[in-house]
Amino acid sequence: MTWWCTGIRWSGGSPAIGWYGEGRGERTSPLAYGRPLAFAARGERHCLGVWRAGKRTACPTARVVPGRTGSAQCPECARLDRSFSVAADTNAADPRTYRVYLAWFGPGMVKVGITAEERGAARLLEQGAVTWTWLGRGPLMATRRTEELLRAALGVPDRIAYARKRAVRDRLPPAAGRAGEVAELHARAAALPGWPDSLERLGCEVTDHAGAFGLAGLPVATRVVTELVPGGTVAGLLAGAAGPDLHFADGLVVDTRLLAGWELTAPAADGAGPADGAGRGSRSGPGTDVPVAEIAPAGPAAEQDGLF
């Protein structure tokens, strides 16, 4: 039985690695900061199919997908996924209640977005929002119109690149300063005319995720994995996690979106070296992206307990 990695999952404010086994559903392996973490890629990266309404539908052809893409989906499954996507504006009839939020990722990096109310703060954790607050709640289209209003009036985007977010995580201002920036923008947003009548406005209650992400003492991100390769390994001390990123104590960052679709195993005892990309741009300089090194064949199957 093969368990395919589905990337990072945030539940109850804590990170875990997700797994999917066809016919056996989903499961997770919790992550802990300050503890060793090691894994190796085996075989090829496969499409994970479509996740909808709390259930995954497997890709009918189990297509192989490129290692460098952020989505572990083949073109056909990606098109089907987008046909039911709120983010892509292809599911305007969604009857659920939605919330509008302001999310802060670093000095001058604030975005506005929406998320289903039933998901709570999960969306903010998934994006790596360090500090954030709700703005309002209501029907989907009312929250979407509010999002557009704030983007136009306040000049805040609805997307910020992950590379920009991770570049500043080790040098953030104190909690009071970032909370003040969010509160100021909330006040400016609340004073704007033109909010939809069907949207219930919410007061400013700032939440900070520095503790959940383990940002205190986070090392400078010096290297970022851009691709897994068969037999490649990552091993090191997990220092923190934010959004999809795993931060290791030696400065390596692994975007777990690149892990999705792989079978991950425990590294072979003689091949579990440091997570430094050795053999593929060994000890690259700051900001240089390196693929995971090729090493000796991997060991036990990912289904075993204790891999993560």
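User: In this predicted model, is Trp10 buried or exposed?
Analyst: A residue is called buried when its relative accessible area is under 20%. In this predicted model, the relative accessibility of Trp10 is 8%. Trp10 therefore counts as buried.

User: Which kind of aromatic pair do Trp10 and Phe213 form?
Analyst: The centres of the two rings lie 5.4 Å apart, and the planes of Trp10 and Phe213 meet at 70°. Planes over 60 degrees apart fall into the edge-to-face class. The pair of Trp10 and Phe213 is therefore edge-to-face.

User: How many residues apart are Trp10 and Phe213?
Analyst: Trp10 belongs to strand 1, whereas Phe213 belongs to helix 6, which covers residues 210-213. The pair thus links distant parts of the chain, and the separation is 203 residues.

User: What is the relative accessibility of Phe213?
Analyst: Phe213 counts as buried, a class that requires a value under 20%. For Phe213 the relative accessibility is 0%.

User: What is the angle between the planes of Trp132 and Trp134?
Analyst: Trp132 is buried at a relative accessible area of 4%, and Trp134 is buried at 16%. Their rings form an aromatic pair with a distance of 4.8 Å from centre to centre. The pair is edge-to-face, a class that needs planes over 60 degrees apart. The angle between the planes of Trp132 and Trp134 is 75°.

User: Which strands stand at the edges of the open sheet with the order 1-2-3?
Analyst: Three strands form this open sheet, and their pairing is antiparallel. A strand with a single partner has one side left without a neighbour in the sheet, so it stands at an edge. The strands in this position are strand 1 (4-11) and strand 3 (25-30).

User: Which residue in strand 2 is the bridge partner of Gly7?
Analyst: Strand 1 and strand 2 (residues 14-21) run antiparallel and are joined by seven bridges. In strand 2, the partner of Gly7 is Gly18.

User: What percentage of the residues of the protein count as buried?
Analyst: The protein has 308 residues, and its secondary structure comprises six helices and 17 strands. About 13,600 Å² of the protein is exposed, with carbon and sulfur atoms supplying 53% of that area. The share of residues that count as buried is 49%.

User: Over which residues does pLDDT stay under 50?
Analyst: The average pLDDT of the protein is 84, and 84% of the residues score at least 70. One stretch stays under 50, and the model has 103 contacts for this stretch beyond four places in sequence. The stretch consists of residues 270-308.

How values were computed. Residues are numbered from 1 along each chain as its sequence is written. This is a predicted model: local features need pLDDT of at least 70, side-chain atom pairs count only at pLDDT 80 or more; totals for chains, interfaces and linings use all residues. Side-chain values use heavy atoms; hydrogens and water are left out. Two strands pair if DSSP finds at least two bridges between them. Helices (H or I, at least four residues) and strands (E, at least two) are DSSP runs, numbered from the N terminus. pLDDT is the predictor's confidence in each residue, from 0 to 100. Contact means heavy atoms within 4.5 Å. Buried means under 20% relative accessible area, exposed over 50%, partly exposed in between (1.4 Å probe, protein chains only). Accessible areas come from the Shrake-Rupley method with a 1.4 Å probe; for residues, only the protein chains shown count as cover. Rings of Phe, Tyr and Trp (its six-membered ring) pair if their centres lie within 6.5 Å; planes under 30 degrees apart count as stacked, over 60 as edge-to-face and the rest as tilted.
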